[in-house]
Amino acid sequence: MKRRFPTALVFVVVAVVFAFVSLLACGAAERPDGGQGLLPVGATAPDVFAADQNGAIQRLSDQRGRAVVVYFYPKDGTPGCTEEACAFRDAWDRFKQANVQIFGVSPDTRESHEAFATEHRLPFPILVDTDQTWANAFGVPTRLGSMARVTFLIDPDGKVAKVYPDVDPGVHADEVLKDAAQLTGAALPAAPAASASAAPAGSDAAAPGAAGAPPAAAGSAAPVATGTMLPPAAPAAPPAKR
């Protein structure tokens, strides 16, 4: 004799599955501006604000006149989020030279942000978005209390210049810095040299862009030495007469 599932149990299973699917689809909810999905390139960045890890209020519109990086990440302390935050930390001085502000955003509490920033010596603000105001305004998907890893680059006029979905945490900071420097018109700041050792004796003068060379002027492209040709050797002196 075949066993039949009670009708009520079938309805419960269907309801649970529907609720789970609806939860996963919450990232496609309508933004406050009436659009759907990630805020597109060319859109005006929302005028949102939030407290950072130190309790200071950071308002996005206060950053007009400089480029701004707003990167959303799932959770403090996870391997990928730590790697991404530390990559931005290591490039922080170069971002400042290019007149670029960085904001990290996640749904963690201020206390969690404070501990995360202290442990990894993060010099830039990471914002508390427990109510997902920033995530909703930018159209960032949220699932089970976590945010998708998405970055927005905002130009000095407050417009979205580029969107980076599904980023690679390890190389993302350098990619964003290159794009941001173009927005501000700054020369791309060079990465710190591994060592400041002098050139070997007898070598020619350092090529443009080498350690010790003067920095490029603001607004000009960083010089790149590719295939530089050495000057011809001086002719040998004639033998002395006896």
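## Aromatic cluster

Y71 is buried, with a relative accessible area of 0%. This is a predicted model. Y71 sits in strand β3, while its ring partner F124 sits in the loop between α4 and β5. The pair therefore ties together parts of the chain that are 53 residues apart in sequence. The ring centres of Y71 and F124 are 6.2 Å apart. Their planes meet at 70°, so the pair is edge-to-face. F124 is also buried, at 1% relative accessibility.

F124 has a second partner, W92. Here the centres lie 6.1 Å apart and the planes stand at 50°, a tilted pair. W92 belongs to helix α3, and F124 to the loop between α4 and β5, so this pair links parts 32 residues apart. W92 counts as buried at 11% relative accessibility. Y71, W92 and F124 all belong to one aromatic cluster, which also includes Y73, F88, F95 and F116. The count of aromatic pairs comes to 12.

## Salt bridges

How many salt bridges does a search of the whole structure find? The search finds nine. Three of them are described here, among them the pair of D108 and K75.

D108 and K75 bring their closest N and O atoms to 3.6 Å. D108 lies in the loop between β4 (100-106) and α4 (110-120). K75 lies in the loop between β3 (67-72) and α2 (79-90). The pair therefore ties together parts 33 residues apart in sequence. Is each partner buried or partly exposed? D108 is buried at 8% relative accessibility. K75 is partly exposed at 43%.

## Two further charged pairs

R149 pairs with E84, with the closest N and O atoms 2.9 Å apart. R149 is in the loop between β7 (146-147) and β8 (150-154). E84 is in helix α2. The two are 65 residues apart, and the pair links distant parts of the chain. R149 is buried, with a relative accessible area of 17%. E84 is buried as well, at 1%.

R94 forms a salt bridge with D174, and 3.4 Å separates the closest N and O atoms. R94 is in helix α3 (residues 92-97) and D174 in helix α6 (residues 172-184). They stand 80 residues apart in the chain. R94 counts as buried at 13% relative accessibility. D174 is partly exposed, at 46%.

## Surroundings of L127

L127 is found in strand β5 (residues 126-128). Is L127 buried or exposed? It is buried, with a relative accessible area of 0%.

Which residues does L127 touch, not counting those up to four places away in sequence? They are A50, A51, D52, Q58, F103, G104, V105, S106, H113 and W134. F103 is 24 residues from L127 in sequence. In space, the C-alpha atoms of L127 and F103 are 6.9 Å apart.

## The β8–β9 hairpin

Strand β8 pairs with strand β9 (residues 160-165). The two run antiparallel and are joined by five bridges. L153 stands opposite K162 in β9.

β8 and β9 form a hairpin with five residues between them. Which residue in the turn has a positive phi? G158 does, at about 85°.

## Whole-chain totals

The secondary structure comes to six helices and nine strands. Of the 242 residues in the protein, 35% are buried. Contacts between residues at least 6 apart in sequence were also sorted by separation. Among them, 66% join residues at least 24 apart.

The protein exposes about 14600 Å². Carbon and sulfur atoms supply 59% of that area.

Conventions: Residues numbered from 1 in each chain as written. Predicted model: local features only at pLDDT ≥ 70, side-chain atom pairs only at ≥ 80, totals over all residues. Heavy atoms only, no water. Salt bridge = Lys/Arg side-chain N within 4 Å of Asp/Glu carboxyl O. Helix = DSSP H or I, 4+ residues; strand = E, 2+ residues; numbered from the N terminus. Buried < 20%, exposed > 50% of the residue type's maximum accessible area, 1.4 Å probe, protein only. Contact = heavy atoms within 4.5 Å. Phe/Tyr/Trp six-rings, centres within 6.5 Å; stacked < 30°, edge-to-face > 60°. Areas by Shrake-Rupley, 256 points an atom, 1.4 Å probe, with all protein chains shown as cover. Pairing = 2+ DSSP bridges.
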